[in-house]
Each structure stands twice: as C-alpha cells, then as structure tokens.
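Here is a quick tour for the bench. Have the sequence and the 3D view open side by side and follow along.

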Amino acid sequence: MSGTNMPSLFKFKKQTDKNSIPQIRVQSQKSDIGLEFSIFSEENKQSYKLPLKLSITEMKQQKFLPLLEALEELWYEEILEEKGNSYILIYDNIYDLPEDIKILLGVPKEEILQFRLVHEGAIGTSRFNLLLEKNFGSWKNLHKTSQQFGPLIKLADQSEILLPKQQYDFEKMLHISPDPKDREKIFGYVANIIHEAKKLNIPIDDYLEKQQYLFIDQLELDVIKECNELKVVPKYASERDISDDILSEMSENAALYYSDSRGQKVFVNQQVYGSAKKIRNTPSIKDGNIPRFIENPESFLPDIENIDLSLFSERVKSLGIRVYKAQPFLHASEKERGWFELNAGFSAVDNEGEVKEVLQNETIQSLILDAKEKGEPYISWNGSWLKIPDDAEDFINNISQDNGAVNNGEMVDISKLPFILEIFENINRLEFNQPLLDLQERIEEWGITTKTPPNLFMAKLKPFQVEGFLWMKLLHFRKLGGLLADDMGLGKTVQVISLLAYLYEMNELTPTLIVAPKTLIDNWFKEIQKFAPTLVKSLYIHRGPQRSKNPDFIEKYGITLTTYQTLIKDQLVFAQIDWQSIICDEAQAIKNPSTSASKVIKALKSKFRLAMTGTPVENGLSEFWSIMDYVQPGILGSLNQFKQEFVHPIEKQSEEDAVNKLISKISFIYKRRTKNEELKGQLPDKHIITKPVKMGTIQQELYREVLSLVQNKMMDGLQAIQKLKALSAHPALINNDFLNLSIKDIPKLEMTLDIIENIRLSNEKVLIFTEFKKMQKILREEIRKKFNINPQIINGMTSRRMEIVDEFNNNPGFDVLILSPKAAGTGLTITSANHVIHYTRWWNPAVENQATDRVYRIGQEKQVYVYYPIITDQTGFTSNGTVEEIVHKILQEKQELASNVITTSKKINIEEEVFKHFNVK
C-alpha cells in the first residue's frame with residue numbers, strides 16, 4: 001500500500017468561497033510495527049489531530065470522505081494509537097477490521113502463500129539458520145524478490161497481498177531465534193518451529209524432516225492428596241504423538257530435554273518449562289490452608305499464563321473435599337397473636353444456599369470459639385470444612401442474652417422483639433427469615449426517617465427517589481442488603497449517591513466499594529462530581545496497569561470504583577479490606593452463582609450490600625436467585641428450593657400467584673418502580689407512532705425469492721427470517737450490488753427521511769437505532785445528502801465515544817445520532833433528543849425499551865415521539881404478513897412482560913415465536 005494523499009474532517013472557520021476550502025492530506029506509510037497515518041494541511045503542512053470535524057460544506061469538497069470517516073471510527077474505538085503527530089494501526093489489528101474498512105485503508109486482499117521451511121548449516125553450529133521460502137502462484141522466491149512490512153508483501157509489479165494471520169504469526173515466531181551456538185536453547189527452538197510448521201501443514205526440507213524432534217508446548221495441572229496435605233503438580237502435554245510414558249517421565253524429572261536410542265528427541269517449550277518449575281516450587285497445602293485452596297485454588301498458584309484452569313478446578317472438586325459456610329440464622333415463628341418463638345443457631349450451607357445440616361448448637365459453638373481463639377477461619381467438620389463468619393463469636397455471645405430467650409427457644413412477646421433484634425444489629429451475613437423481615441418494618445426506626453439528604457448532596461430528589469433514599473438508609477441501619485430494581489431512567493445512580501452523601505455525613509462511608517461495568521465507570525465519576533462534589537476528594541478509581549495492590553492504601557478512600565473484571569483479577573487485594581458497603585451496578589454481572597465475579601463479590605466482607613439493575617433477567621429466573629443470594633443470603637432458600645418453589649411454576653406454567661408470592665417474600669429488601677407509575681404527570685407524554693410502509697419493487701422481488709428458497713427446502717426458516725429482516729431494511733444488506741439504489745426504491749428509508757424532515761422543521765433532535773452497521777452508514781450518507789449535517793454513529797462505548805454524546809447533547813437545534821441498541825443499553829443520557837426512530841427492531845422488547853430510555857428519562861422536558869416504520873405486505877403474497885409485521889405484533893404483546901424485572905427472556909425472546917408465525921403459501 002503506497003503512500004496516498006487524502007482529505008480530512010477538520011473543523012474550519014466558516015467558508016463561503018468554494019475554492020478557499022482548505023484540503024487536508026493524509027499520508028500513509030508502512031513502519032516496522034504498523035500502518036502509519038499522518039494528517040496535515042496541503043497549504044501549510046500543519047499537522048492535525050483526530051477526531052477531525054468539518055462543516056457540511058467543507059465535507060462536500062473532500063475527495064475521500066469515507067476513508068477519513070474510517071480513520072475516525074478506528075480512533076473512537078481506540079484501535080488507532082497516537083504516535084507524535086501521526087497514528088499507528090498495529091499490523092495485528094488489521095485482521096479484526098471489517099472488510100469495508102480494510103478496503104478504505106487500502107489493505108490488500110488476503111492471500112495464502114506457499115511456505116516451505118528450509119535451513120542453512122547444521123544445528124548447533126554458528127552457520128545454522130532457519131529460512132522461509134515463499135511462493136505465490138507464478139511468483140517464486142518472494143523471500144528474495146519482494147518487499148515486506150509486517151504481513152504486507154509488495155510484489156515486483158507493485159501489487160500487494162496480505163499474509164493470513166496464521167502465516168504471519170508463524171513468520172514472527174521464526175524471527176525470534178536464539179544464538180545458533182546456544183545449544184541449550186537452539187534445539188528446543190528448532191523443535192518448536194518444526195512442531196508449529198507441521199500443525200500448519202508447512203513442508204520442511206529433508207534435513208529438518210530427519211530430525212526426530214517432538215515438542216511439548218502445553219502444561220496441565222493436577223492436584224494429589226498425600227496423607228493430610230495437597231500438592232499441585234505440573235504435567236506436560238502435547239497435541240503431537242508423544243507417549244504418555246515419556247510425558248510422565250519428563251514431568252516427574254522436571255526434564256527440559258529427552259532422547260532415546262532410536263534418535264527421537266523431545267523438547268519442552270521454555271515458557272512451559274519455566275511455568276512447570278514455578279508450580280513445582282509451590283509449597284504443599286496443609287492444615288487450614290486446605291479449605292482456602294478448595295475455595296480459591298488460583299490464589300495458591302504462581303502468576304503463570306496460557307493454562308486452562310477450568311480443568312484444574314474440576315480436578316480440585318473431584319477430590320471430594322467440600323467447604324461449607326457456617327451460616328448464622330435467626331428465625332421467628334408466630335405461635336399465637338403477639339407471641340413468637342425464636343430460634344437461632346448455625347447451618348452448614350453450600351455455594352448454592354443448600355442447607356446440608358443444622359448444626360448442634362453446643363458442639364458447633366465450642367468448635368467456633370476454639371478456632372477463633374487460635375485465629376483459624378475454618379474448622380474441620382465430617383471430613384470437610386466449615387468457614388466461620390467473621391462475626392460468629394459476637395453471634396454466639398448475643399444468642400445467650402435476654403435471659404436465654406433466643407438460645408432456649410422460649411416464647412417472646414412482640415414488645416421484646418426490638419431489644420432482641422438490637423443485639424443482632426452488628427451481625428453481618430445473618431440469615432433472617434421472612435417473619436422477622438416483616439416485623440422489622442413495624443419497628444420504630446432510630447433516626448432513619450429524615451427525608452432530606454445532607455447539604456453536601458446537590459440535587460432535589462423526586463418523591464419516589466426520596467422513598468428509595470429512606471429505604472436504603474433503613475436497610476443499611478438494619479444491616480440488610482437490598483436490590484434497587486427501578487426502571488431504566490428513574491435515577492438509580494442519583495438515589496445511591498444520596499445514600500453515599502448520608503453515609504459520609506455519618507462517618508460510615510469509608511471504605512465503600514462500587515463495582516460496575518467498564519463503560520459505566522466514567523459515568524459514576526461524573527454523577528458523583530455533579531451531585532456530591534465533596535465526595536470526589538475521597539474517590540479512587542481502581543483500574544489500569546498503575547492501580548494500587550496495597551489494601552491499606554485503598555481502604556483509606558471513601559469510595560473505590562472498579563470494574564467486575566478488575567475485581568476478579570485483584571480479588572486477594574479486595575478480600576483484605578473490611579468494607580462498610582459494597583454496591584453492584586448492573587448486577588446482571590453476578591447472575592450466575594458459579595462465575596468468578598459472583599463468587600468473588602459474595603466472598604467479600606461488608607456490613608451492607610446493594611445491587612442495582614433495571615434490566616430483566618436474561619436467561620432464566622435462577623439468575624435472580626444469584627443476585628438475591630448476594631443481597632441477603634438465605635432469603636430465597638437454596639437454589640434447588642427456589643427452582644421448585646418459583647422457577648418451575650413461573651417459567652413453565654406462568655403462574656401469577658407464584659410471581660406474587662416471590663415478590664411478597666422479598667418485598668422488604670426489593671425496590672422496583674416503573675416510569676409509568678412514578679413519573680406519570682412528571683415526565684412529558686410519550687407517543688408511540690407506527691408507520692406502515694410498502695416494500696419497494698426490488699425488495700418485493702427479493703422477498704419472494706427468499707420465500708421460494710424456503711419453499712423448495714433450499715434455505716431453512718430461521719436463516720430466511722434473518723435474510724428478510726435485513727432485506728426489509730435495505731437490499732444492500734444482503735447484496736452490495738444494491739448499494740446505489742435510489743431512496744425511491746426503498747420506501748422505508750424514504751419515509752424515515754420524511755420523519756427526520758418534520759423533526760428538522762421543529763428544530764429538534766432524533767436518535768435512530770439499528771443493529772446493522774452497513775445500514776448505519778447508509779443512513780448517515782442519505783441524511784448527510786438531504787440535510788447538510790454529519791450524523792455521528794455509536795457502536796461501541798469507549799471513553800472516546802462519550803465525547804460524541806456530550807457534543808450531541810451540547811449542540812443546539814436540529815441534529816441526528818445513529819446508534820446500535822446494545823451499545824446504548826447502559827450509561828447514556830441523551831435527553832437533548834426527544835425523537836426516537838427504531839429503523840430495525842431488536843427482538844427483545846426490554847433491550848428496545850432501554851434504547852428508547854436514553855431519551856425518555858428524568859431530565860426530559862419535551863414530549864417524546866417513538867417511531868416504528870414497519871414494512872407491510874400490501875399485495876398478499878405472504879401468509880401472515882411480513883417478518884416486520886409479525887415481529888411488531890409479538891413485541892406489542894410482550895411489552896408487559898418486558899417491564900417485569902423477574903421475567904426471563906425465555907418469555908420475551910421472540911425468534912422462535914416469529915418462526916412459528918412464518919410460513920409460505
């Protein structure tokens with residue numbers, strides 16, 4: 001790809017003279033590490049930075065606008081790296097680019113070359129070298145006759161080709177060779193290269209073929225039990241034909257090299273050998289470390305890469321050593337009006353909340369107190385282990401108070417309950433049963449009823465947000481967890497910040513942990529800065545390579561913000577901190593009890609836990625159990641009990657009674673409000689406008705062709721549905737030959753532009769949603785031509801993409817923003833727009849509603865209009881209407897289900913239902 005000169009999108013002062021519009025050159029060249037792009041003015045050679053912006057008049061004068069937009073897109077997605085006054089596209093990143101972007105950047109077509117691995121000199125001599133012969137069709141000896149930069153090869157006729165990723169990676173390996181005289185390393189290096197060549201079916205010369213080299217490039221871990229200790233042992237593995245006996249012998253002897261009388265030589269990859277050595281030096285696991293190892297084996301392993309630990313975890317489980325939680329419980333049962341029987345003690349509970357045994361109080365109390373005295377967090381129990389809660393000793397002491405009423409299971413009058421409950425106020429992770437949760441609602445709160453947040457909180461809460469503020473204060477006071485499941489757009493974040501301000505004033509904020517998806521970290525910072533700026537001075541964002549691994553440093557901050565991924569990586573650091581509060585935003589991240597995120601966050605010590613989600617459960621109601629198990633352990637029983645009592649009735653029979661029973665059971669620690677209920681009369685009206693539109697003639701012909709393929713068994717139904725969905729948007733989505741169709745041939749696109757024209761006349765803004773990237777670019781081009789504006793596109797959600805949202809919100813007057821529904825699902829507030837067009841439908845109404853909620857949320861002051869242009873069958877050639885008509889009808893039916901936070905997407909994922917309605921005459 002030779003250097004080319006191309007224009008850019010730089011924002012200049014308004015120009016009126018067509019000839020005075022400056023041209024900006026983009027020069028591309030190849031470097032050792034990637035393609036380098038320099039952007040500068042043709043007139044004065046001044047360099048410019050991305051993102052580049054032009055007025056629409058200036059844009060029309062540029063010759064290569066799509067290329068400049070491609071560079072901007074790569075910059076927004078953080079794929080381009082800045083280097084001085086230029087930008088680098090690393091060669092490895094080329095392979096992940098969409099084909100249309102590759103073409104715009106001038107990346108040549110990928111071609112498979114004929115490789116042959118040859119040598120010079122004998123192995124072990126100074127002359128030894130490995131060479132790669134390259135041929136391509138009639139082009140011979142490209143290793144001698146061509147120019148090469150990274151994977152790009154320029155042939156003698158100046159044409160270029162791109163090496164496939166596997167071939168490029170192999171060639172890079174070849175270039176990292178040791179000193180040929182270093183006999184310790186050179187034989188292993190040659191064995192590795194021959195091994196990789198054979199995996200890729202690359203021929204090798206006779207000399208190399210005769211070298212009976214085999215190569216070990218994999219490492220597996222095993223764990224063995226000897227007497228009363230466990231030992232992690234490394235085991236060599238290979239995809240090549242190396243006998244188990246040789247692998248075992250080399251593993252046991254920690255060998256780097258093996259040879260036999262037949263001339264067969266086996267070498268171990270240096271990285272694998274080094275990792276195995278680290279494992280061998282790992283001390284045996286003994287005594288109280290055994291349960292720690294069973295719970296978190298990774299924490300006992302050295303820092304090693306490229307090992308699949310999932311198999312190792314299964315091997316650890318197969319040892320049959322179990323670790324249960326000694327779960328403290330306080331249960332109440334009403335015996336007669338005003339009188340209760342209380343029962344307190346410990347249960348052995350597994351990871352899924354299943355009670356394995358209610359432990360004998362006297363025995364377990366003695367064991368716990370003895371372990372606490374020795375500073376041991378686990379006790380041996382029936383061949384397994386029990387993990388002791390941090391506050392077990394306090395719990396044991398407290399159940400003996402009040403004249404033994406709790407300990408002896410005596411009848412307690414309701415007037416004594418507040419006192420009895422007070423003694424358990426500081427017991428963390430205590431499992432309360434439902435009667436006690438109900439009773440606590442009736443107990444007079446102590447200083448928790450003040451509706452106004454402290455003065456450092458800089459916002460006025462709406463009535464339902466005040467209710468949320470009081471609810472969270474009460475939960476925190478009672479040391480109960482909570483799930484804030486308010487509808488999207490009701491300000492869950494601002495409610496939580498009001499709680500943080502309260503905790504700060506009460507000296508109970510430090511340390512608080514907030515865990516959120518990566519895309520929301522910056523949003524949390526901005527919201528805290530906006531609504532409680534005093535807290536910013538005690539805010540620490542834990543991310544990036546420079547993040548602290550010192551728990552003493554972290555726990556000094558009032559608030560620590562981190563991502564779920566970073567939490568998993570730094571779990572041992574976070575586990576050393578006694579958190580005041582832990583808050584999980586977008587708590588779907590812990591929906592699976594067996595994932596690392598779920599296990600880690602449930603294991604952290606905290607006095608108060610809060611989960612936040614406005615998103616319905618995605619795959620199954622069991623996910624709801626996992627979130628509630630974090631919020632308040634034991635409230636829904638074990639996972640198996642929950643499935644029997646709720647999952648099966650709700651998901652199979654759709655029993656409304658079961659849903660109501662579930663909500664009733666968690667009502668005290670579960671807060672769910674919808675916009676329809678809470679903002680009625682406070683938010684402007686939302687108008688849903690369905691716009692039926694006929695197919696264009698070409699669309700109709702193609703639609704019939706797809707139906708014919710299905711009818712003749714040449715295409716399956718689900719594949720046809722996807723084709724028809726794309727075809728309804730624009731024929732170019734299934735065939736590039738239709739890219740230049742007139743908008744008159746695409747009535748849906750023409751209608752969409754008419755809708756936008758009316759919005760323009762009102763001087764208002766609009767969001768357009770479609771998941772098809774090619775459709776996003778088609779829309780941008782047509783909007784640009786018709787309205788003389790340059791609409792931006794949002795797919796991913798990097799920090800750079802947030803700049804687009806900020807600019808869109810700040811620009812006055814008419815504007816258009818094009819988004820994918822999933823990218824806009826969380827973290828975006830775009831209330832400067834009050835029109836939404838769903839150009840194509842996302843087949844889950846909850847996701848679609850979240851997209852609309854970028855506009856229809858607190859802060860919106862104008863009436864909101866949501867448009868659904870729907871392709872219809874006006875000639876009767878389909879049986880039940882078009883795919884879009886079928887989808888629209890089913891989505892309307894599913895809207896009520898989508899608003900319920902405990903509804904699973906098995907009931908709202910409509911692809912199968914569309915398929916049932918889809919048939920051919």
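In what sense do strand S12 and S15 pair, and over how many bridges? Strand S12, residues 229-237, pairs with S15 in the antiparallel sense, and the pairing runs over two bridges. Keep in mind that this is a predicted model.

## The S11-S12-S15 sheet

That pair belongs to an open sheet of three strands, ordered S11-S12-S15 and paired antiparallel. Its edge strands are S11 (218-226) and S15 (285-286), each of them pairing on one side only. If you want a spot to zoom in on, try Glu229, which stands opposite Lys286 in S15.

There's a helix to look at here too. Helix H10, residues 270-280, packs on the sheet and touches S11 and S12. The direction of H10 makes about 170° with that of S12.

## The S7-S8-S9 sheet

Another open sheet has three strands as well, in the order S7-S8-S9, again with antiparallel pairing. Strand S7 (147-149) and strand S9 (160-162) sit at the edges with a single partner strand each, so one side of each has no neighbour in the sheet. From one strand to the next, the twist averages 20°.

Strand S8, covering residues 152-154, pairs with S9 in the antiparallel sense over three bridges. To find your way around, look for Ile153, which stands opposite Ile161 in S9. As a general reminder, strands of a sheet pair through backbone hydrogen bonds, either parallel or antiparallel.

## Two helix pairs

Start with helix H6 (residues 165-175) and helix H7 (residues 183-199). Their axes come within 11 Å and cross at roughly 170°. Angles over 145 degrees count as roughly antiparallel, and so H6 is roughly antiparallel to H7. On the H6 side, the contact uses Phe170, Met173 and Leu174; these meet Tyr189, Asn192, Ile193, Glu196 and Ala197 in H7. Sorted by class, the contact of H6 with H7 has six nonpolar residues, one polar and one charged.

Now jump along the chain to helix H28 (residues 697-711) and helix H29 (residues 717-729), which pack at an angle of about 180° with their axes 10 Å apart. That angle makes H28 roughly antiparallel to H29. H28 brings Gln699, Leu702, Tyr703, Val706, Leu707 and Val710 to the contact, where they meet Ala720, Leu724, Leu727, Ser728 and Ala729 of H29. By class, the contact of H28 with H29 comes to nine nonpolar and two polar residues, with no charged ones.

## Space inside

How many cavities of 30 Å³ or more does the structure hold? There are five of them, and the largest has a volume of about 150 Å³. It is lined by 15 residues, and the closest to its centre are Glu69, Glu73, Arg780, Ile793 and Arg801. In general, rolling a probe the size of a water molecule over the atoms shows where empty space is left.

Which elements supply at least two residues each to the lining of the largest cavity? They are helix H2 (65-76), helix H31 (773-787) and strand S32 (792-794). H31 gives the most, with five residues. The lining of the largest cavity divides into eight charged residues, four polar and three nonpolar.

## Backbone oddities

A few backbone spots deserve a look while you have the model open. The peptide bond from Leu50 to Pro51 is cis, with omega near 5°. You'll find Pro51 in the loop between strand S2 (34-41) and helix H1 (56-60). Another cis peptide bond runs from Thr510 to Pro511, with omega near -10°, and Pro511 lies in the loop between helix H18 (492-505) and strand S24 (512-516).

Then there's Ala254, which has a positive phi of about 55° although it is not a glycine. Look for Ala254 in the loop between helix H9 (244-252) and strand S13 (257-259).

Methods: Residues are numbered from 1 along each chain as its sequence is written. This is a predicted model: local features need pLDDT of at least 70, side-chain atom pairs count only at pLDDT 80 or more; totals for chains, interfaces and linings use all residues. Side-chain values use heavy atoms; hydrogens and water are left out. Two strands pair if DSSP finds at least two bridges between them. Helices (H or I, at least four residues) and strands (E, at least two) are DSSP runs, numbered from the N terminus. Axes are lines fitted to C-alpha atoms, for helices over the stretch in contact, and angles run from 0 to 180 degrees between N-to-C directions. On a 1 Å grid over the protein atoms alone, a cavity is a set of points where a 1.4 Å probe fits but cannot get out, and a pocket is an open set with protein on both sides within 12 Å along at least five of seven lines; lining residues have an atom within 4 Å of a point. Grid points are joined across faces, edges and corners, and a volume is the space filled by probe spheres set on the points. Ala, Val, Leu, Ile, Met, Phe, Trp, Tyr, Cys and Pro count as nonpolar, Asp, Glu, Lys and Arg as charged, and the others, Gly among them, as polar. Angles under 35 degrees count as roughly parallel, over 145 as roughly antiparallel, 65 to 115 as roughly perpendicular and the rest as oblique. Contact means heavy atoms within 4.5 Å.
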